[in-house]
There are 2 protein chains.
Amino acid sequence: MLSQTVEYALRAATYLATVPKQSRTVDQIAEVTHVPVAYLSKVLQQLVREEIVISRRGTGGGFMLARPPEKLRILEIVQAVDPIERITTCPLGLAAHGKRLCPLHRRLDNALAEMERAFAASTLAEILAEPTKSVPLCNFPAAATCR
Amino acid sequence: MLSQTVEYALRAATYLATVPKQSRTVDQIAEVTHVPVAYLSKVLQQLVREEIVISRRGTGGGFMLARPPEKLRILEIVQAVDPIERITTCPLGLAAHGKRLCPLHRRLDNALAEMERAFAASTLAEILAEPTKSVPLCNFPAAATCR
DNA sequence: GCATAACCGGATATTGACATCCGATTGAGG
DNA sequence: CCTCAATCGGATGTCAATATCCGGTTATGC
């Protein structure tokens, strides 16, 4: 339902949100988030292209959030790596039918709209601020006891 | 986001709901729903196993809804062919962490729960009864003008 | 300006979803 | 009981998502 890529991107972004304005290397991010390092590298590159994240090469380089966590919604990260495709025209491909969806597809699209709404509802900052015994990603340095 | 298989299954079920208690062959269903016939056959077999649909072989056979359309929810069809996998444990695989989800995964699971709720909200009968100019699937016999 | 650190981008597996094909099986009707 | 209609089940093909590898490029610090 949710792709692995989305899951990975969200883990990485959430981790970077715990260290705002600081950069981390792919290897560091991969270790904390438990994401295959080579693939994570690709995912981060997508986030760079969508200007969610900024990259710097060379010594001391790495990846860093492009904006403060208060300004980054889950939805943006989802859309960056695996966009939710709303149903805008009849999937049976009848041009004459135009933009009107039949009741079945209207409901499917409504469900997708609910997803969007849910993902748009919170920022990375809100996720980190939430009072809980479960530290985000379960395994951040701050939650070593969680291991 | 929603798999092709779900889309196909819903089209087929919606069509069968327009002719309750009657059976239709794979070829008939495929033509109306614009689904590849060979693959549709597999999808229908899944629906048979999940007791959404009943099959009969031989002359005059085919597929028929196992229940009246009032008793069949979209969610059941979704779960039959491509179940929504709720997040019940931390995806980072830390056994010690138990059942508690971190704020990130709690939100993701909440979004999935919203989907379930949306899909559970309507029956096939409701879809067909809805007053609209767009006949379900856009291209049913009853809506030949839609072609 | 050289060595080193780190990302970038292209080529290449691997895997599962989607799709097809066909022989085997079952049921209806004469 | 024979033929035809139709589903069933297994084998196989195709393609996009996932994942890996490595040489090229850029930046830092000495």
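Q: Let's start at the bases. How far is a polar side-chain atom of Arg57(A) from a base oxygen of DNA strand D?
A: In this predicted model, that distance is 2.8 Å.

Q: And what about Arg57(A) and a base oxygen of DNA strand C?
A: An N or O atom in the Arg57(A) side chain sits 3.4 Å from a base oxygen of strand C. So Arg57(A) has a base oxygen of strand D at 2.8 Å and one of strand C at 3.4 Å, each within the 3.5 Å cut-off for a polar contact.

Q: Stay with strand D. Which residues are closest to it?
A: Thr5(A), Pro36(A), Arg56(A), Lys42(B) and Ser55(B). They belong to a set of 23 residues around DNA strand D.

Q: What distances do you have to phosphate oxygens of strand D, say for Arg56(A)?
A: A polar side-chain atom of Arg56(A) is 2.5 Å from a phosphate oxygen of DNA strand D. Gln4(A) uses its backbone: an N or O atom there is 3.1 Å from a phosphate oxygen of strand D.

Q: How much of the strand D contact is sugar or phosphate?
A: Take the atoms of DNA strand D within 4 Å of the protein. Of these, 68% belong to sugar or phosphate, and the rest belong to bases.

Q: Which elements supply at least two residues each to the surface near strand D?
A: From chain A, helix 1 and helix 3. From chain B, helix 3, strand 1 and strand 2.

Q: How does that surface split by class?
A: Near DNA strand D there are six nonpolar, eleven polar and six charged residues.

Q: Switch to DNA strand C. Which residues come nearest?
A: Lys42(A), Ser55(A), Thr5(B), Arg56(B) and Arg57(B), out of 24 residues around strand C.

Q: How far is the Thr5(B) side chain from a phosphate oxygen of strand C?
A: 2.5 Å, taken from an N or O atom of the side chain. Tyr8(B) also has a polar side-chain atom 3.0 Å from a phosphate oxygen of DNA strand C.

Q: What is the sugar or phosphate share for strand C?
A: 67% of the strand C atoms within 4 Å of the protein, with bases making up the rest.

Q: Which elements supply the surface near DNA strand C?
A: Helix 3, strand 1 (53–56) and strand 2 (62–65) of chain A, plus helix 1 (4–18) and helix 3 (37–49) of chain B. Each gives at least two residues. By class, the surface near strand C has six nonpolar, eleven polar and seven charged residues.

Q: New topic, helix packing. At what angle do helix 1 and helix 3 of chain A cross?
A: Roughly 75°, and their axes come within 10 Å. The two helices are therefore roughly perpendicular.

Q: Which residues make that contact?
A: Thr5(A), Tyr8(A), Ala9(A) and Ala12(A) come from helix 1 of chain A. Helix 3 of chain A brings Tyr39(A), Leu40(A), Val43(A), Leu44(A), Gln46(A) and Leu47(A). The contact of these helices has eight nonpolar, two polar and no charged residues.

Q: Over in chain B, how do helix 1 and helix 2 pack?
A: At about 105°, with their axes 10 Å apart. That makes helix 1 of chain B roughly perpendicular to helix 2 of chain B. Arg11(B), Ala12(B), Tyr15(B) and Leu16(B) of helix 1 meet Gln28(B), Ile29(B), Val32(B) and Thr33(B) of helix 2. By class, this contact has five nonpolar, two polar and one charged.

Q: Last topic, the strands. Do strand 1 and strand 2 of chain A pair parallel or antiparallel?
A: Antiparallel, over four bridges. Ile54(A) stands opposite Met64(A) of strand 2. The two strands of chain A form a hairpin with five residues between them, and Gly58(A) in the turn has a positive phi of about 80°.

Q: How many bridges join strand 1 and strand 2 of chain B?
A: Four, and these strands run antiparallel. Ser55(B) stands opposite Phe63(B). In the chain B hairpin, five residues lie between the strands, and Gly58(B) in the turn has a positive phi of about 75°.

Conventions
Residues numbered from 1 in each chain as written. Chains lettered and ligands numbered in written order. Predicted model: local features only at pLDDT ≥ 70, side-chain atom pairs only at ≥ 80, totals over all residues. Heavy atoms only, no water. Axes fitted to C-alpha atoms, helices over the stretch in contact; angles between N-to-C directions. Parallel < 35°, antiparallel > 145°, perpendicular 65-115°, else oblique. Contact = heavy atoms within 4.5 Å. Nonpolar A, V, L, I, M, F, W, Y, C, P; charged D, E, K, R; others polar. Near = heavy atom within 4 Å. Polar contact = N/O pair within 3.5 Å; in protein donor to acceptor, adjacent residues only side chain to side chain. Pairing = 2+ DSSP bridges.
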